[in-house]
Amino acid sequence: MSVNPAIQGRVFPAVPPYLVGREKVREFARAVFATNPINFDPEAARAAGYADVVAPPTFAVVVQEATLAQLLAEPDAGIDFTRVVHGDQRFSFSRPIVAGDELTATLTVASVKSLGGHSMVTAESTIVDATGAHVVTATSTLVVRGDE
């Protein structure tokens with residue numbers, strides 16, 4: 001089964017809010033070898049003008065994951081997860097993610113393209129805070145390998 005091109009433009013319902021925890025930010029920062037004190041120390045973050053510790057930029061994938069799970073679980077999408085390779089990841093920030101943020105994400109399938117026997121699905125997850133203000137858009141391109 002190949003990827004259904006009709007999913008292009010589909011907008012999925014918003015996922016439940018994700019409350020960004022200070023320890024989750026610290027754990028993620030350690031995992032990506034971050035060294036900036038604002039990622040670990042609330043006082044350093046406050047001195048830099050933030051309410052709490054600041055997440056490394058790639059932390060947005062933690063919130064985006066729930067939206068991608070919706071796409072991969074969509075029966076008519078035709079995406080066989082065993083054939084998926086992550087092709088690209090980009091972020092467009094309005095502001096950094098900070099511990100204490102309550103973030104909600106909504107996924108839009110931006111494009112579905114065929115390349116040889118493979119498909120490339122680009123999904124944009126728009127992530128907003130509790131006030132509805134944009135925080136970041138996380139864009140992932142998934143390569144779905146075709147039949148061999």
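This passage walks through the fold, the sheet, one buried serine and one pocket of a predicted model.

To start with the overall picture, the protein has three helices and five strands. Going along the sequence, these elements come in the pattern β-α-α-α-β-β-β-β. The C-alpha atoms fit a box of roughly 55 × 30 × 20 Å along the principal axes. Of the 148 residues in the protein, 39% are buried. The surface that the protein exposes comes to about 7,700 Å², and carbon and sulfur atoms supply 57% of that area. As for who touches whom, take the contacts with a separation of 6 or more: 69% of them link residues 24 or more positions apart.

Next comes the sheet. Strands of a sheet pair through backbone hydrogen bonds, and the pairing can be parallel or antiparallel. Here the five strands make an open sheet with antiparallel pairing, in the order β1-β3-β4-β5-β2. At the edges stand β1 (18-19) and β2, and each has a single partner strand, so one side of each has no neighbour in the sheet.

Strand β5 (134-144) is a good place to look more closely. Nine of its 11 residues are buried, so β5 is largely enclosed by the rest of the structure. On one side, β5 is joined to β2 by nine bridges, with the two strands running antiparallel. In this pairing, V85 sits opposite V143 of β5. Strand β4 (residues 118-128) also pairs with β5 in the antiparallel sense, this time over 10 bridges. Here S125 has A138 in β5 as its bridge partner. Five residues lie between the strands in the hairpin of β4 and β5, where G132 takes a positive phi near 90°.

Strand β3 (residues 102-115) holds S111. With a relative accessible area of 13%, S111 falls under the 20% cut-off and therefore counts as buried. Leaving aside residues up to four places away in sequence, S111 touches Q8, M120, V121 and T122. In a regular strand, side chains alternate between the two faces of the sheet.

That leaves the second largest pocket, which has a volume of about 170 Å³. Its lining is made up of 13 residues, and the closest to the pocket centre are L68, L72, F81, H86 and L142. Helix and strands both take part: α3 (60-73), β2 (84-93) and β5 each supply at least two residues of the lining. The biggest share comes from α3, which gives six residues. Sorted by class, the lining of this pocket has eight nonpolar, four polar and one charged residues. Strands β2 and β5, then, turn up both in the lining of the second largest pocket and as partners joined by nine bridges.

Note on methods
Residues are numbered from 1 along each chain as its sequence is written. This is a predicted model: local features need pLDDT of at least 70, side-chain atom pairs count only at pLDDT 80 or more; totals for chains, interfaces and linings use all residues. Side-chain values use heavy atoms; hydrogens and water are left out. On a 1 Å grid over the protein atoms alone, a cavity is a set of points where a 1.4 Å probe fits but cannot get out, and a pocket is an open set with protein on both sides within 12 Å along at least five of seven lines; lining residues have an atom within 4 Å of a point. Grid points are joined across faces, edges and corners, and a volume is the space filled by probe spheres set on the points. Helices (H or I, at least four residues) and strands (E, at least two) are DSSP runs, numbered from the N terminus. Ala, Val, Leu, Ile, Met, Phe, Trp, Tyr, Cys and Pro count as nonpolar, Asp, Glu, Lys and Arg as charged, and the others, Gly among them, as polar. Buried means under 20% relative accessible area, exposed over 50%, partly exposed in between (1.4 Å probe, protein chains only). Contact means heavy atoms within 4.5 Å. Accessible areas come from the Shrake-Rupley method with a 1.4 Å probe; for residues, only the protein chains shown count as cover. Two strands pair if DSSP finds at least two bridges between them.
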